[in-house]
Structure formats: C-alpha cells, structure tokens
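Got your viewer ready? Load the model below, and we'll go from stop to stop, selecting as we go.

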Amino acid sequence: AATRLEAVRYFDIADTNSEYARYRAGELDVTLNLPMTTLEQLRAKHGNAVRVTPSLAIYYYGFNLKKPPFTSRDVREALAMTVDRERLVRLVTAMGETPAYAWVPIGMPGYTPQKSTWANLPYAERVSRARELVAKAGYSSSRPLRFELRYNTGTGHEKIAIAVSAMWKEAVNADVTLVAEEFKALLQTIQRGDAQVFRSSWSADVPDAYAFVNVFSKDHEFNLTRYYNPKFEALMTQAFQAPDPANRQALVESAERLVLEDAAIVPLYFMVNRRLVSPRVVDWKDNALRTVYSQDVTVTK
C-alpha cells in the first residue's frame, strides 16, 4: 500500500552516449552511468541531477591463469605493475575514481585496506622491475609478449583498453590486440576459457570483505580467472568458521594478500556510483552498494 510507483521500466543500453542522449530526450529518469566527459561539463548542464558517490566496486582486468603466457606469474606481475593508475583515473575515466592496488574496495566496513607489495614504488622503478620480469620469462625485442585483451563494447571500456595497452607497450613492449564483444558474448568467451586477458568488474552485494574476496574460491561461479591456491582455500575456510570478528578479518586480509602476490588480476580502480537522476525523481538515496529500491521512490509530474 505504501509503494508509490505503478511500475518500473528498465532499458538495456550498452553505450553510455546513447543512454545520455535518451536521458536528455526525457526518455529516461535515471541512468546507470555517465558519458565519458568531465564532471564540470555535466554539472554545468544538469546541476544536482549529476550524482557521483563512493561505491564498493572494482574495475579490473583478469588473466586466464590456465592459458599461456599467463601461466607465468612473472608476466602477470609485470603487467599489473606497469599500469599507471593515477594517470588512468585522472585523464581517462576522470569521474573521481580511486586507483586500485588491491581487490577489496576502500571503505569496506571493518576491513583494513591491503596493497600489492610494489604499490608504493615509483612508477619508473616499477617499469624497470617489470622489464626484468618479462625478460626472465623469455620475452625480448625479437620475441615480444603478445596477447589479446577482450572487453565489452562501449566507449568507456574502449578508451580504458587503449590507454592500458599503450602503457604496456611503452613499459614492456607488449603487443596487445584489442577485441570488443557484446557483454554476453564476452562472458561466454571467458567461461569457455578462450580469453587471455579480459575486462570485468565486481560489486559488493553485502558490505562484507569475506563475500568480496570469496569470488576467488575455486568453486565460485564468478572465479573468471580460474584462480586456485590451496593456501587461499584454507584461509577462506578458516575465515568462514571463525567466531571472532577480528580473527575472521585477519584471515580474509591474508587471503586477499595471497591473491595479490599471485598476481591473478590487474586491479585498475575502485568505482564510483555515477549517474543522472532526474529532478522529478523524489527520495532517491545513493549508497555504496549501488542499490536503490523502487519502493522507496516516486516520480512527480
């Protein structure tokens, strides 16, 4: 009886520019994302309709750990080290994202943020070390590191892929082929084991670090990298059974550090909620879990 909306209509729109055009035409009340333009420009046009807030979500590149050359930890770590995340979020995404050097987002309740061991090194030093790792793995100017980077279609994903592949080319002479697919097709490619490196993201459905890290468990449906480490499994089992919250947190932190040491992924940035909410939508409340229930809002005429 308290629900004030008669119905909600959802549209599946892959391209943020198309979504933005439909919002401006009055066809959408709320967008899922914002176009790749500056916040200043958007706020000048739309004022308080522009919503940018922290989110418990990460944007990352995953390796297929069962497919060469990513069976080599040296190769994986070299690529993880040589993404200039500060430059990426400042010049490419530019929506207030935070560079990511770990898996669990900053702001996860009751959790101490972790970092890769090389995260505090100057970028030039990381590049130098990465070149040594790539050489150690058997790659050189006459035998460059070659692989495909797959991502789902959309202007934003393409810009990020172009920027990161250019960083890899400059840092370790990686020859990266970019392949864009529709999201469903990309997921099928990953699940078949045909993708070498792929774009993905992960969002918290509950504000709990255990649930966020558990995606790397061997039986998890979305363990897209096919990561498996018996030590990780043991730590997560202990964490699941731990009655003491502090002990549980320490075990999850150890498990996350193990994933980072194994270089199973390339964390790029912690995401933000970024969308347009029409002034005619009343009682919309942004939150870090990116979940707003339609029962709580209404639309004015």
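Select Lys136 to begin: does Lys136 count as buried or exposed? Lys136 counts as exposed, at 63% relative accessibility. On this tour, buried means under 20% relative accessible area, exposed over 50%, and partly exposed in between, with a 1.4 Å probe and protein chains only.

Some ground rules before moving on. This is a predicted model, where local features need pLDDT of at least 70 and side-chain atom pairs count only at pLDDT 80 or more, while totals for chains, interfaces and linings use all residues. Residues are numbered from 1 along each chain as its sequence is written, and side-chain values use heavy atoms, leaving out hydrogens and water.

**Stop 1: salt bridges**

Keep Lys136 and add Asp74: their side chains meet in a salt bridge, at 3.5 Å from N to O. Lys136 sits in helix α5 (residues 123-136) and Asp74 in helix α3 (residues 73-81), so to speak distant parts of the chain, 62 residues apart. Asp74 is buried, with a relative accessible area of 15%. The rule here asks for a side-chain nitrogen of Lys or Arg within 4 Å of a carboxyl oxygen of Asp or Glu, and by it the count comes to 14 salt bridges. Helices (H or I, at least four residues) and strands (E, at least two) are DSSP runs, numbered from the N terminus.

Now pick Arg146 and Asp175, whose closest N and O atoms are 3.0 Å apart in another salt bridge. Arg146 lies in strand β3 (residues 146-152) and Asp175 in strand β4 (residues 175-181), so the pair ties together parts that are 29 residues apart in sequence. Arg146 counts as exposed at 53% relative accessibility, and Asp175 is partly exposed at 30%.

Stay on those strands and select Arg150 and Glu181, which form a salt bridge at 3.3 Å, N to O. Arg150 is in β3 and Glu181 in β4, so this pair ties together parts 31 residues apart in sequence. Both Arg150 and Glu181 are buried. Add Glu148 to the selection: salt bridges with shared partners join Glu148, Arg150 and Glu181 into one network.

**Stop 2: helix α6**

Select residues 155-172, which make up helix α6. Its 18 residues should span 26 Å at 1.5 Å a residue (1.5 Å times one less than the number of residues), and the end C-alpha atoms are indeed 26 Å apart. Colour by accessibility and look for the buried residues, among them His157, Ile160, Met167 and Trp168. Just after α6, click Asn173, which takes a positive phi of about 60°.

**Stop 3: Val50**

Jump to Val50, in strand β1. Val50 counts as buried, at 7% relative accessibility. Draw a C-alpha to C-alpha distance to Arg274: 7.4 Å in space, although 224 residues separate the two in sequence. Leaving aside neighbours within four places in sequence, Val50 has contacts (heavy atoms within 4.5 Å) that include Leu34, Leu42 and Arg275.

**Stop 4: the second largest pocket**

Which residues lie nearest the centre of the second largest pocket? Select Pro54, Ser55, Thr98, Ile106 and Met271, from a lining of 14 residues. The elements giving two or more residues to that lining are β1 (50-63) and β6 (265-276), and β1 supplies the largest share, 5 residues. The lining divides into 9 nonpolar, 5 polar and no charged residues.

Methods. 1 Å grid on protein atoms, 1.4 Å probe; cavity = no way out; pocket = protein on both sides within 12 Å on 5 of 7 lines; lining within 4 Å. Nonpolar A, V, L, I, M, F, W, Y, C, P; charged D, E, K, R; others polar.
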